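Please load the model in your viewer and keep a selection panel at hand. The tour below moves from one selection to the next and says what is to be found at each stop.

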Amino acid sequence: MVDEILREMEENNVDPDLITVNHVLKVYAAESKIQAMEMFMRRWGTEDGIKLERGTMIAMAKAYVKAGLTKKSGRGVW
């Protein structure tokens with residue numbers, strides 16, 4: 001569902017805002033979609049005005065731990 005919404009946003013030239021970025025990353029983390037989470041983070045996580053919420057960072061760290069990537073859980077991709 002998230003991928004569908006993101007595709008539609010891209011087709012309509014709509015960039016994700018700070019709320020969208022945080023929600024998408026939380027969804028990917030909850031679904032343990034590490035690769036999708038990292039790709040999305042690399043693309044949108046460094047944009048001006050985008051700040052990750054504490055809950056988003058915690059969700060991402062938990063996803064890394066669940067995937068056995070404990071070194072990434074402490075430093076993340078940010």
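Begin with Ser 32, which is partly exposed because its relative accessible area is 30%. This residue sits in the loop that joins helix 2 and helix 3, and its phi is near 55 degrees, a positive value in a residue that is not glycine. Bear in mind throughout that the model is a predicted one.

A companion to this stop is Asn 13, so select that residue next; its place is in the loop between helix 1 (2-11) and helix 2. Here too phi is near 55 degrees, positive although the residue is other than glycine. Most residues other than glycine have a negative phi. Is Asn 13 buried or exposed? With a relative accessibility of 69%, Asn 13 counts as exposed, since the cut-off for that class is over 50%.

**Helix 2 against helix 3**

Return to the loop of Ser 32 and display the two helices that it lies between, helix 2 and helix 3. Their axes come within 9 Å and cross at roughly 160 degrees. Angles over 145 degrees count as roughly antiparallel, and helix 2 and helix 3 are therefore roughly antiparallel to each other. The crossing of this pair, helix 2 with helix 3, is left-handed. To see the contact itself, select Val 21, Val 24, Leu 25, Tyr 28 and Ala 29 on the side of helix 2, together with Ala 36, Met 37, Phe 40, Met 41 and Trp 44 on the side of helix 3. Sorted by class, the residues of this contact between helix 2 and helix 3 are 10 nonpolar, with no polar and no charged ones.

**The aromatic pair**

Now reduce the selection to Tyr 28 and Phe 40, and turn the view until both rings can be judged. The structure holds one aromatic pair, and in it the ring centres of Tyr 28 and Phe 40 are 6.3 Å apart while the planes stand at 75 degrees, so the pair is edge-to-face. The pair links distant parts of the chain, with Tyr 28 in helix 2 and Phe 40 in helix 3 (residues 34-44), 12 residues apart. Colouring by accessibility shows Tyr 28 as buried, with a relative accessible area of 5%, and Phe 40 as buried, with a value of 8%.

**Val 24 and its neighbours**

Staying in helix 2, select Val 24, which is buried at a relative accessible area of 6%. Which residues does Val 24 touch, if those up to four places away in sequence are not counted? They are Val 2, Leu 6 and Phe 40, and the last of these, Phe 40, is the partner of Tyr 28 in the edge-to-face pair. Before moving on, draw a distance from the C-alpha atom of Val 24 to that of Thr 56: the two residues are 32 apart along the chain, and the separation is 9.3 Å.

**Helix 2 against helix 4**

That distance leads to the next pair of elements, helix 2 (residues 18-30) and helix 4 (residues 54-66), which pack at an angle of about 25 degrees with their axes 8 Å apart. That angle makes helix 2 roughly parallel to helix 4. Helix 2 passes helix 4 in a left-handed crossing. For the contact, select Asn 22, Leu 25, Lys 26 and Ala 29 in helix 2, which meet Gly 55, Thr 56, Ala 59, Met 60 and Ala 63 in helix 4. The residues of this contact of helix 2 with helix 4 divide into five nonpolar, three polar and one charged.

**Met 60, then helix 3 against helix 4**

Centre the view on Met 60 in helix 4, a buried residue with a relative accessible area of 0%. The C-alpha atom of Met 60 is separated by 8.3 Å from that of Tyr 28, a residue 32 places away along the chain.

For the last stop, show helix 3 and helix 4, whose axes come within 11 Å and cross at roughly 140 degrees. That makes helix 3 oblique to helix 4. The crossing of helix 3 and helix 4 is left-handed. Its contact is made by Ile 34, Met 37, Glu 38 and Met 41 of helix 3 and by Met 60, Ala 63 and Tyr 64 of helix 4. By class, this contact of helix 3 with helix 4 has six nonpolar residues, no polar ones and one charged.

Key
Residues are numbered from 1 along each chain as its sequence is written. This is a predicted model: local features need pLDDT of at least 70, side-chain atom pairs count only at pLDDT 80 or more; totals for chains, interfaces and linings use all residues. Side-chain values use heavy atoms; hydrogens and water are left out. Axes are lines fitted to C-alpha atoms, for helices over the stretch in contact, and angles run from 0 to 180 degrees between N-to-C directions. Helices (H or I, at least four residues) and strands (E, at least two) are DSSP runs, numbered from the N terminus. Angles under 35 degrees count as roughly parallel, over 145 as roughly antiparallel, 65 to 115 as roughly perpendicular and the rest as oblique. A crossing is left-handed if the near helix is turned anticlockwise from the far one by less than a right angle, and right-handed if clockwise. Contact means heavy atoms within 4.5 Å. Ala, Val, Leu, Ile, Met, Phe, Trp, Tyr, Cys and Pro count as nonpolar, Asp, Glu, Lys and Arg as charged, and the others, Gly among them, as polar. Rings of Phe, Tyr and Trp (its six-membered ring) pair if their centres lie within 6.5 Å; planes under 30 degrees apart count as stacked, over 60 as edge-to-face and the rest as tilted. Buried means under 20% relative accessible area, exposed over 50%, partly exposed in between (1.4 Å probe, protein chains only).
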